[in-house]
Amino acid sequence: MSDSILSVLNEERTFPPVHSTDANIDGMAAYQALCDRFTADFEGTWGELAREHLAWAHPFSRVLDESNAPFYRWFDDGMLNVSANCLDRHVEAGLGERFAIIWEGEDGEVRRISYRALLADVCRAANGLRALGVERGDRVVIYMPMIPEAAVAMLACSRIGATHSVVFGAFAAQALRDRLIDTGAKVVITADGGWRKGEVHALKPKVDEALKGEGVAVNKVVVVTHCNHPVDWVEGRDLDWYIMLEGQRESCPPEPLPAEHPLFILYTSGSTGKPKGIVHSTGGYLLWARLTMLWSFDFHPGRDLFWCTADIGWITGHTYSVYGPLACGGTTMMYEGVPTYPDPGRMWRICAHHKVSIFYTAPTAIRALIKAGDEWPARHNLSSLRVLGTVGEPINPEAWIWYHEVIGGGRCPIVDTWWQTETGGHMISPLPFATTLKPGSASKPLPGISAQVLDVDGNAVRDGGGLLALTRPWPSMLRGIWGDDRRYVDTYWHRFGGHYYFAGDGARIDSDGDFWIMGRVDDVLNVSGHRLGTMEIESALVSHPAVAEAAVVGRPDEVKGEAIFAFVVLKQAGGADLKDALRDHVAEEIGPIAKPDEIRFAHGLPKTRSGKIMRRLLRDIAAGNTIHQDVSTLEDAAVVEALHKDAC
Ligand code: WT7
């Protein structure tokens, strides 16, 4: 067991809730009242919230359709438009001059975009995409740095009913190509590049590379010039973003779409080699994006400046950098560059300068900033902060306490939000002005959410450990895996007989009913809060001509949570140069985040007699632990001895 898990198990500190005079949920009584509303009338309550919080083009008459479970449908005869909910209704309410986005570039440039201006840009982009032949139901891939145009592109797609799929800008050409093929996208929106540590990280060449060869349906590539970086141009296929917008009308009636219309597809890693295209809906997704902003963050639009540091390439960036804050009519902060550039004080400088009031980041970033030293936050006035959030992986109590003391000055509640790409928004989270906080615990399910810790037979566990499951459907749940209904059912619903959603995480529930997330129980790694499938990295490794076989496991890492450790069996002996080549090869296949931290060459891998790689054993070896495990099922016991050192 890693040290951080042990420290969570021993954690006993509690922090009673801070009082706030106008919190959206101002105490446990208000929380309980909301939960009781759901208990008394589950569908009725969701229906009321959906009518109250979203603007519908056509009202729905049905809340939840369970007839084809687990393919649940929400509000499905209602029609609405996401961009109209995120923009038009706020402008119509007189908030046109309020800032929707405050953006800071890595070089310090600042852009402040009002709701009125954002709406105009989104309309022009929507008209431009239509002029390129993009129609309702078409897929558009967005491969961009963190610039406002990325949000404009997402909202423009939603305005005309095109389903977007954002691909993280650090992903390699091959990963982009796989997603282009799987979505069948017609159009890619990209940029010449983005700024990373003062250098241009070029994107367009990776798009050109991804489009080579057969199998990709893309016929237009729209390019935002952001870095003035030279790009190769394919006549007839490539188009400048600003030229696309030129001459387009600043109005574009939002297309009313069925609530179940797919708003976006976002790929995430699973326990097989092929990433899954998680499909999210229009109505249910947006409702929960808005409600969780109000509940988990106590967001007050017009007063708060909310900053979620996640890239739009991840679900956190979708829900909490773009859709959630904008659905509320609030202001979202966007930062383009590396958080420690030009120095480790950058994030705190941004918070102080723009007066960020709600700050949301990942434990890995917090741990890296702890290492950088307390002098960096000390140089900046962080008194504007009032709520702090964390997401992506378990936060160790030491990091929690530092965040609370040093960043929050002991006065800001910390919300440790548990959720997944698949859940669309927070599922288990403290309420900042109601919950008694426990460092390392995500606290309780939000109102409307039914979460339980189950034993292997599916019985609820009280005061103990087990598997985390969601036992009732919720509006922002994934609607499936793009093009693979079978995998959707098998991955999430099969484990508990079709009744419950299996999250893939282990968790402990304590005697107060608080949840402590213990991490993945499947072959999925969590490296710096990013999800990577071990199989995905293994297939990248074996695609190298020198590799015969590979097994990838996680090794506990102080900063990243988990580091990537690869055992590699070579076809012929190789040396240190080959290790570098293999690391580069993985970066080319998937992206730099998937580069193994350590590669160990082996003569063979420990396997059971039935041929299954014994991953638990490899994890122990990678962590440098003594092996107490029973190796009697091992095919060749000598292999284990050899694995403790490099074979070549
Ligand atoms: C996995 C989902 C949801 C946005 C970021 C990651 C882990 C997420 C927490 C938390 C402990 C967490 C889980 C989950 N995770 N939040 N607060 N405490 N673990 O999204 O890439 O879909 O990964 O991240 O293991 O299953 P994702």
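Contact here means heavy atoms within 4.5 Å. The model is predicted.

Helix 16 spans residues 485-493. Four of its residues, Arg487, Tyr488, Tyr492 and Trp493, are buried. The cover over the buried residues of helix 16 includes three strands. These are strand 15 (276-280), strand 23 (480-481) and strand 24 (501-509).

Arg487 was examined in more detail. Arg487 is part of helix 16. Arg487 is buried, yet has no salt bridge. The nearest side chain of opposite charge belongs to Asp484 and is 5.0 Å away. A salt bridge requires a side-chain nitrogen of Lys or Arg within 4 Å of a carboxyl oxygen of Asp or Glu, so a pair at a separation beyond that cut-off does not count. A polar partner is found on the backbone instead: the oxygen of Lys274 lies 2.9 Å from a polar atom of the Arg487 side chain. Residues up to four places away in sequence set aside, Arg487 touches Gly270, Thr272, Lys274, Pro275, Lys276 and Ile481. Lys274 thus appears both as a backbone partner and among the residues touched by Arg487.

The ligand site was considered next. The ligand is surrounded by 17 residues. Asp416, Thr421, Asp505, Arg520 and Arg531 are the closest. Three elements each supply at least two residues of the shell: helix 11 (315-327), strand 20 (414-417) and strand 25 (515-520). Both backbone and side-chain atoms approach the ligand. A backbone N or O atom of Thr417 lies 2.7 Å from a ligand nitrogen. For Glu393, a backbone N or O atom lies 3.4 Å from a nitrogen atom of the ligand. Asp505 takes part through its side chain, where an N or O atom is 2.6 Å from an oxygen atom of the ligand. On its own, the ligand has 560 Å² of accessible area, and the protein covers 96% of this.

A loop residue, Gly133, was also examined. Gly133 sits in the loop between helix 5 (115-131) and strand 6 (139-143). Its relative accessible area is 28%. Buried means under 20% and exposed over 50%, so Gly133 is classed as partly exposed. Neighbours within four places in sequence left aside, Gly133 is in contact with Asp138 and Lys186. Gly133 and Pro545 are 412 residues apart in sequence. In space, their C-alpha atoms are 42 Å apart.

Notes. Residues are numbered from 1 along each chain as its sequence is written. This is a predicted model: local features need pLDDT of at least 70, side-chain atom pairs count only at pLDDT 80 or more; totals for chains, interfaces and linings use all residues. Side-chain values use heavy atoms; hydrogens and water are left out. Buried means under 20% relative accessible area, exposed over 50%, partly exposed in between (1.4 Å probe, protein chains only). Lys and Arg count as positive and Asp and Glu as negative; His and the chain ends are not counted. A polar contact is a pair of N or O atoms within 3.5 Å; within protein, one must be able to donate a hydrogen and the other to accept it, and residues adjacent in sequence count only if both atoms are side-chain atoms. A residue is near a molecule or strand if one of its heavy atoms lies within 4 Å of it. Accessible areas come from the Shrake-Rupley method with a 1.4 Å probe; for residues, only the protein chains shown count as cover.
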